[in-house]
Structure formats: C-alpha cells, structure tokens
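Ready for a few short exercises? Have a look at the sequence and the structure below, then try each task before reading its solution.

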Amino acid sequence: MADGRLAQDLSSAGYDPEHYVSRLSEEGEMPLLEMKQKVQILSDKTAQELKKNVYKNYSQFIETAREISILEGEMYQVSRMLTEQKALMTSMLEMSLVSDKAVAVDEPQKEAEAVNPEEETRRNLAFLLEKVEGVSSVTEVPGRQLVHNGDLAELDMESFNQVQKVHMFLLNDSLMIASWLTNRRGPVRYRFQGLYELDNLAIVNIRDAGAVKNSFKVLMFPDSKIYAADSAKSKRQWLDILEETKKKKLARDKQKKEAALRLAEQQNTGPTTPKKEEASKLDDVDTAKDAMETALLGVDWLQELPENLDMCIAQRDFEGAVDLVEKVNSHLKDCQKTPAVKEFRARIDHRVKQLTEGLLSELQVTAERSLRGGPRAARRAVAQLIRLGKSAQACSLFLKMRSTIIKYNIRQLKFEGATSLYVRCLCGVFFSSLSETGREFHKAFPQLLGCFSAFIVWTKTEMENFITIFKRHVFDSKSSLATISECVSIATNHCAELANGGLDVGFYLDNMISEELEKAILESRHQIIESIKFRAGEDQWRPLNLGTETECSRYVDDMASVGLDIRDSVYNGCFISLTLNTTQFCKTCMVLAQSLLLIHKSEREALVTETLVLVFTEQVRHLDVSLASEKFKNDKKFILKNSQYILEVLMSKIEHMYKTQSILFPPQLVAVNAEYRRLKSLVS
Amino acid sequence: MASKAKASQPAVIHKVIMVGSGGVGKSALTLQFMYEEFVEDYEPTKADSYRKKVVLDGEEVQIDILDTAGQEDYAAIRDNYFRSGEGFLCVFSITEQESFQATAEFREQILRVKNDDNIPFLLVGNKADLEDRRQVTLDEANQRAHGWNVPYVETSAKTRANVDKVFYDLMREIRSRKMKASQQSNGQKGKKTKKRKCTIL
C-alpha cells in the first residue's frame with residue numbers, strides 16, 4: 001500500500017525532487033534510511049515488472065514478426081499477380097482497339113438509360129419521329145430504345161453495286177432501315193423502309209475482296225441485303241453492337257420466359273397449398289396472399305440483401321457475409337414456405353454456395369498460391385465455414401493444407417553431413433509443425449469434438465509419412481548403431497514432448513521402427529562378437545606400448561572421451577599395463593552400452609541385457625582360455641589384471657550408466673561381474 | 001469505273017454454305033480455297049461471307065461462300081443461313097467422333113429448311129492429315145454418305161488435299177441442279193401450253 005503511494009507520489013505531475021528530499025531529511029536519519037529501502041524495493045519491483053512486460057512483448061513481437069513475414073510473401077505474390085493482370089489487360093486493349101472504344105461509348109449511354117429509362121426512351125424515339133417518316137408505329141412500343149444508328153450504303157446482292165444510301169437504326173429489340181430522302185423537307189431526312197425483329201436476323205461479315213470493302217450482310221428471311229460502312233472501324237462497331245444487342249435481347253427473353261414460367265408455377269402451386277379453403281376462393285384472395293408475402297419480403301434490408309451479400313463476397317468480407325446469412329436465416333425461419341419465400345431462399349442459397357466456395361478456396365492449396373498462408377487467415381476462413389455449418393469440409397481442407405506445409409518444410413531441408421544432424425533437423429521441423437497444427441486446430445475448431453478425431457487420424461497418417469522418411473535415412477543408410485540410437489532417441493524425445501502436450505504418438509514410432517531397430521542391434525552384436533573372436537586369436541598378452549609420452553597421453557584422452565579412465569595403468573611414460581585387445585574391447589563396450597541404453601525400453605530390455613551379456617561372455621571365454629593356456633603361463637598375473645579391468649572397472653562404469661538412466665542393473669550382468677572372482681580362484 | 005468493273009463480272013453465282021460443328025475446320029477450308037493459306041490459330045467464326053471468281057469447266061462463275069459459326073446458338077438464325085444456300089459442304093473432323101455425329105443434325109435441318117432431298121450436298125471429312133488421331137473410319141463415313149446419297153470426300157485444309165475438289169464438285173452439282181430446274185420449268189411451261197392446247201382441241 002505504502003509502495004503504491006510512494007510510486008504515486010514519485011510519478012505525480014507536481015513532483016519536485018528537491019522539495020521532497022528536503023522534507024524527508026528534516027525528520028532525521030531513520031526515515032531517510034527507511035525511504036531508501038522503500039525506494040530500493042520499488043525499483044526492484046519495477047525492474048521485475050519491466051522484465052515481465054518485455055517478455056510478454058517479446059513473445060507477441062515474435063508472433064507478429066512471423067505473421068508479417070508470411071504477409072510479405074503474400075504481398076509479393078499479389079503484386080506479381082497484379083502485374084501479370086495488368087500486362088494481360090494491356091495486351092487485350094491492344095488487340096481490340098476498335099471494339100473497346102465501341103464499348104466505351106456504349107457504357108455511359110447505358111448508365112443514362114438506367115437512371116431514367118422512360119425519359120430516355122421517349123427522347124430517343126422522339127428523335128426518330130423527327131427524323132424519319134412513317135415510324136409512328138415503331139415508336140409506340142413501350143420499352144423500346146435506340147442503341148446505335150448510322151449511315152450505310154446498301155449494295156446489290158449480286159453485283160455489289162451501290163443501290164442506295166440508308167440509315168440504320170438499331171433498337172434494343174429490332175433493326176430499322178430507313179432510306180435517304182433525296183428531296184428533304186424540313187427536319188425529316190429518311191423514309192421508313194423496314195423493321196426487322198432481331199431474333200430472326202443473321203448478320204454475316206463479308207470479307208473484303210476487290211471493290212467490296214467494309215460490308216456485311218443482313219439475312220432477314222426471305223430476303224437479304226448487303227450494307228457497306230464507310231470504314232473498317234465503323235463496320236466492326238456495327239457487327240459488335242449488333243451481336244451484343246442480340247445477345248442482350250436473348251437474355252431478356254429468357255428472363256421473361258422464366259418469369260412467366262414461375263408465374264404459371266406459382267398459380268399452379270397456389271391451390272395445392274395446405275390451406276385449401278383459401279385457395280378455393282377467388283383470385284383476389286391469392287393476390288392478397290401474394291401481397292402479404294411481398295410485404296414480408298418487402299423489407300428494405302431483405303430486398304437489398306442479395307446484392308449486399310454479393311458485395312461482401314466480392315470484397316472478401318467473409319465475416320460480414322456470414323453475418324448477413326445468419327440474419328436472413330433467422331428471419332426466414334419464421335416465414336411460411338410460400339413460393340415467393342422459396343424463390344428468395346434459392347437466391348440466398350446460391351450465394352451461400354458461392355460464399356462457401358470462396359472460403360474453401362481460401363483454404364485450398366494450389367500450386368500458384370504460397371504454401372505458407374498465414375495461420376490467421378486460415379483460422380478466419382475456418383471460423384466462417386464453421387458458422388456456415390461446413391466444419392467437416394473446413395477441417396479436411398485445413399488439415400490438407402497443414403500436410404502440404406509439412407511436406408514443403410521437410411523438402412526445404414537439405415540432406416548434407418551426418419545422418420544424425422539431418423534427423424535432428426527433420427524431427428525439429430516435423431514435430432514443431434505437428435504441435436503447431438495441434439495448437440492451431442485447438443484455436444480454429446473449439447468445441448467441435450467431431451473434428452478432433454479427424455485430427456487424430458491426420459496425425460497418424462502424417463506420423464506414418466514421417467516415419468517412412470525417418471526410416472529411410474536412419475536404417476537404410478547402414479549407419480552405425482550409435483548413430484541409429486541417437487536418431488531414435490531424438491525422435492523419441494520429441495514424441496515425449498508431444499505427449500506432454502496431450503498428443504501421444506510415441507507408440508506409433510515405437511511400433512514402426514522396433515523391428516528395424518532390433519535387427520540393427522543384432523547385427524551390431526554379431527559384428528562385435530566376431531571382432532572379439534578375431535582379436536582373441538591375435539592376442540599376445542603384451543602391455544600396450546605407445547612409443548612416446550605424447551602418444552600415450554593422447555591415447556589416454558581418447559579413452560577418456562568414451563568415459564574410461566586408464567591413467568592409473570600408465571607406467572614408464574609410454575606403457576599401459578593393459579593389452580590393446582582389452583582397451584579396444586572396453587571402448588567398444590562403452591559405446592555399445594551407451595547406444596543400447598539410449599534406446600532402452602522395457603520391451604527391449606531382454607535384448608539389451610542379452611547383447612551385453614553375450615559380448616562379455618565372449619571376452620571372458622578368451623580370458624579363460626588364455627589363463628588355461630600353457631603359452632601364457634608366465635603372463636597369468638597380467639591377464640588377471642586385464643580381467644579385473646574388464647570385469648570390475650568397465651562393468652562398474654556400465655552399472656553407473658544404468659543408474660544415471662535410472663534403469664535397474666540386470667542380474668545377468670551382476671552374474672558376469674562375478675566371473676572375475678572365478679578367474680582369480682583359477683590362478684591361485 | 002468501279003460500277004463498270006462490277007458489271008463485267010460473271011452473272012452466275014453459286015452460293016455455298018459451310019456447315020459443321022465448331023472447330024472442325026470450316027474456316028480453314030474456306031481460307032485455303034480462297035487465299036491458299038492455312039491458318040493454324042483457331043478463332044471461332046461468327047459468320048463470314050466470301051466471294052471469288054473461278055473458272056468452272058471453262059465457264060467463268062462466281063462462288064459465294066458463307067462460312068457459318070459452328071457455335072451458333074440461335075436455331076432460327078441457322079435456318080436463315082441455310083435458306084440462302086444453294087449447296088452445302090457439311091464438314092466434320094475425322095479426329096472427332098462427335099463432330100461426325102453432329103452432321104446428321106445439320107443434314108436434317110438443311111433438308112427441313114430447303115425442303116429438298118436432292119439439295120447439292122457433300123459430306124466432308126476434314127483433317128485427313130491427322131491420320132494417327134482418326135476416330136471416324138472411312139467405312140462409317142462412306143456408309144453415312146451412301147445412306148444420304150451424297151458423295152463423301154476427305155480433305156486436309158493443312159495440306160490442301162482435296163480442298164479445290166470439294167468446292168468444284170459442289171459447284172458442278174449446283175450448276176447441274178440449276179440447269180435441270182430451268183429445263184423443268186421450261187418443260188412445265190411446255191406441258192402447260194400443251195395442256196392448254198388440248199383444251200382448245
């Protein structure tokens with residue numbers, strides 16, 4: 001409490017150190033000392049808090065930095081895609097200079113029409129009335145608009161001679177031809193010649209040949225006509241606009257037809273609704289019901305919803321889109337299943353499908369997208385998909401993505417140098433990916449227990465893949481037992497770490513490699529025993545002479561590196577009171593024991609013990625034979641000394657190893673230890 | 001001047017229509033015939049019309065080729081095209097069975113529109129240079145042509161094999177049909193006059 005006040009005092013705005021200190025010092029030494037202590041405590045506390053904050057910031061910083069680096073990659077890709085698209089657009093512009101302009105001219109016109117179609121139509125057609133004679137019937141049709149018009153020359157079908165000059169008016173549903181009036185009166189310039197429905201019109205481009213240039217044919221059953229434009233550009237424009245208008249009309253007709261069909265359907269389904277008594281009444285009841293439905297759907301936001309949804313999807317505002325979907329779902333839940341509602345429902349469903357596809361593609365792993373999509377981005381897409389009720393799909397895609405990332409990361413590793421080094425990296429990458437996926441999965445799929453089994457299955461397959469790679473590098477490369485056991489222990493340790501996090505995959509590893517591992521142990525055992533036999537035949541029971549003192553001390557160091565101390569056995573500077581055979585055996589045994597204990601497991605205990613026992617027994621047999629041999633009658637003492645080193649010093653080292661690994665020293669080995677006493681009794 | 005040059009052009013025009021599915025090589029055949037060039041790039045045709053002066057068995061005539069769009073969606077418009085034709089080259093690709101199947105539809109439509117079972121018509125198997133990718137056997141094509149009572153010719157717009165042949169053969173058919181028609185109308189006139197005479201008698 002006092003600390004708090006002190007801190008407050010010190011950090012207050014009106015704090016004046018001189019005044020503060022002088023006031024304190026007035027009261028004598030004791031309060032000053034007390035104060036000093038308090039300040040000290042405060043400063044310690046502050047320092048500690050500072051440290052904590054730095055730590056927190058640091059971890060946040062690391063996470064942010066990771067996200068940023070991922071983002072950077074994404075941005076680079078985006079910029080590359082943009083450049084590509086830009087190039088594409090420029091090339092497209094170059095390709096169609098003419099048609100592009102035509103569209104550009106057309107666009108604002110269309111917009112104007114959209115603003116006030118009625119007025120525009122009237123103006124258009126008024127223009128027609130003013131200019132063309134005898135078009136009153138043409139202008140009377142509601143909704144008819146002028147799209148394009150221009151002067152053309154009509155040519156003779158056979159000879160291509162010019163017949164007359166005409167003006168062509170393209171309306172949104174038909175093509176009107178008017179001929180020039182030679183003796184014009186007032187503003188009227190043309191005389192109506194014919195109006196042709198666009199549906200039955202075929203436009204044929206005529207390739208320029210000889211005198212005929214820039215012309216096209218219009219087939220209107222039963223006759224056909226050829227018109228020539230004054231430039232290639234103008235012709236191109238006519239052909240493009242004609243085709244576009246025809247397409248638009250076709251689309252419009254299709255829509256109308258569908259609307260009519262729907263209307264008919266509506267009328268058909270009307271009477272079959274459960275409320276038959278209502279339906280049996282007159283039409284106006286139906287219309288009243290319709291009106292009610294429209295009112296139900298007539299809410300402003302509901303009407304705009306499909307467009308808004310489109311916009312959200314286009315802007316990749318997936319959260320907003322899902323919000324809208326949820327809103328409309330809850331709204332429509334209470335509505336009756338009337339045709340109008342059904343139709344609206346279908347429109348929404350269509351967009352939900354689009355939205356889902358968009359989200360799924362977010363998670364999809366494709367060749368051109370970077371594999372290192374930010375984990376947050378994935379989480380976001382997953383969260384929205386879950387809200388849409390597509391958790392299974394999200395889950396499988398999410399895991400697929402993670403698989404690719406793991407594969408990619410593993411491929412990034414370079415295989416060089418020692419096997420154990422590579423395996424260390426491999427394990428590091430794989431297991432950290434695995435645990436990261438686990439963490440991400442927890443965050444992305446909270447409360448979805450069904451998905452967790454998918455995760456477990458995924459882990460199993462990934463684990464199998466990993467073990468295949470692992471086995472290829474560790475066992476197929478004919479590495480030594482020491483290397484193998486080191487690699488296995490690395491992987492095992494990683495597994496144990498994962499198990500601490502709640503994901504136990506160690507038994508997979510164990511199951512899948514135990515066979516190879518046992519084979520490797522047996523092979524190594526066989527080799528060692530063979531070499532013991534070989535050395536036994538050569539043994540002359542001479543102390544080891546290393547020639548010089550430096551050589552000797554190097555040898556001693558060498559032995560020390562595997563944990564054996566032979567300094568006591570050195571005499572005369574360069575002599576060691578053990579045979580070469582003995583020291584080599586000890587070295588081999590130490591390495592073997594280390595390796596075996598590294599991969600010790602209760603299931604393998606028997607094999608490990610048996611291996612060590614067999615190796616020792618082989619050496620003891622050699623000692624036995626040597627002691628009994630006449631040849632080494634005078635060396636018995638020396639042999640016994642070697643035996644002592646092997647069976648007591650070495651064995652105690654191994655026993656120590658067992659102890660440090662907190663594994664029970666097996667009685668079989670204790671029995672081997674007792675051999676020395678037997679050998680001693682043989683001598684005496 | 002120009003009008004004079006046009007006036008001197010031969011009066012006889014034979015109107016040929018290229019029909020067939022998209023991508024079978026209608027335009028390639030036409031361009032090879034017209035300009036002796038082979039266009040490798042494929043760009044769907046909308047509808048192109050060509051006219052060329054040719055010498056047919058010593059007689060100078062004009063050929064008018066309407067290269068239709070294989071992908072035309074408007075059936076009504078296809079009808080309009082067909083109405084304007086006097087003879088048809090119904091093209092398919094020997095490397096694409098579907099295009100061969102489609103010829104039956106085209107044939108049916110043409111017969112319906114023209115209302116004439118003996119309309120000049122050639123069944124053309126294009127892309128004969130791609131023998132290794134052949135999907136339509138000579139036998140089945142010949143069989144179909146025989147069933148329709150029309151000739152079957154295999155062409156290659158790439159190597160120009162049989163390209164001129166199909167156009168000239170079709171023009172000959174058209175010419176003979178026109179001659180027959182004029183004879184018939186003459187004959188009919190004769191008959192009529194005879195009949196009239198009879199009534200007089």
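The exercises below go through a predicted model, each with a worked solution.

**Exercise 1.** Find how many helices and strands chain A has, and what percentage of its residues are buried.

Solution. Start with the secondary structure: chain A has 24 helices and 11 strands. Next, turn to burial. Of the 684 residues in chain A, 23% are buried. Finally, look at contacts between residues at least 6 apart in the sequence of chain A: 62% of them join residues at least 24 apart.

**Exercise 2.** Locate the largest nonpolar core and work out which helix gives the largest share of it.

Solution. Begin with the residues that have the most contacts inside this core, namely L89(B), C90(B) and L122(B). The core has 74 residues. Its largest share comes from helix α6 of chain B (residues 163-200), which supplies six residues. Now take L122(B) as a probe and skip residues up to four places away in sequence. L122(B) touches L89(B) and C90(B), then V150(B), P151(B) and V153(B), and also V166(B), D169(B) and L170(B). To finish, look for a second, separate core: this one has 48 residues, including F431(A), F470(A), A491(A) and L498(A).

**Exercise 3.** Decide whether strand β7 of chain A (residues 215-220) is largely enclosed or not, and explain why.

Solution. First, check burial along the strand. Five of the six residues of β7(A) are buried, so the rest of the structure largely encloses this strand. Then look at its partners. Strand β6 of chain A (residues 201-206) runs antiparallel to β7(A), and five bridges join the two. In this pairing, N205(A) is opposite F216(A) of β7(A). Strand β8 of chain A (residues 223-228) is also antiparallel to β7(A), with six bridges between them. Here K217(A) stands opposite I226(A) of β8(A).

**Exercise 4.** Describe how helix α20 (residues 580-598) and helix α22 (residues 636-660) of chain A pack: what are the angle and the distance between their axes?

Solution. Take the geometry first: the two helices pack at about 15°, and their axes are 11 Å apart. An angle under 35 degrees counts as roughly parallel. The helices α20(A) and α22(A) are therefore roughly parallel to each other. As for handedness, α20(A) passes α22(A) in a right-handed crossing. Last, list the residues that make the contact. On α20(A) they include T582(A), F585(A), C589(A), A593(A) and L597(A). On α22(A), among them are N642(A), I646(A), L650(A), I654(A) and Y658(A).

Technical notes
Residues numbered from 1 in each chain as written. Chains lettered and ligands numbered in written order. Predicted model: local features only at pLDDT ≥ 70, side-chain atom pairs only at ≥ 80, totals over all residues. Helix = DSSP H or I, 4+ residues; strand = E, 2+ residues; numbered from the N terminus. Buried ≥ 20, exposed ≤ 12 C-beta atoms within 10 Å, placed from the backbone. Contact = placed C-beta atoms within 7 Å. Core = buried A, V, L, I, M, F, W, Y, C linked by C-beta atoms within 7 Å. Pairing = 2+ DSSP bridges. Axes fitted to C-alpha atoms, helices over the stretch in contact; angles between N-to-C directions. Parallel < 35°, antiparallel > 145°, perpendicular 65-115°, else oblique. Left-handed = near helix turned anticlockwise from the far one by under 90°.
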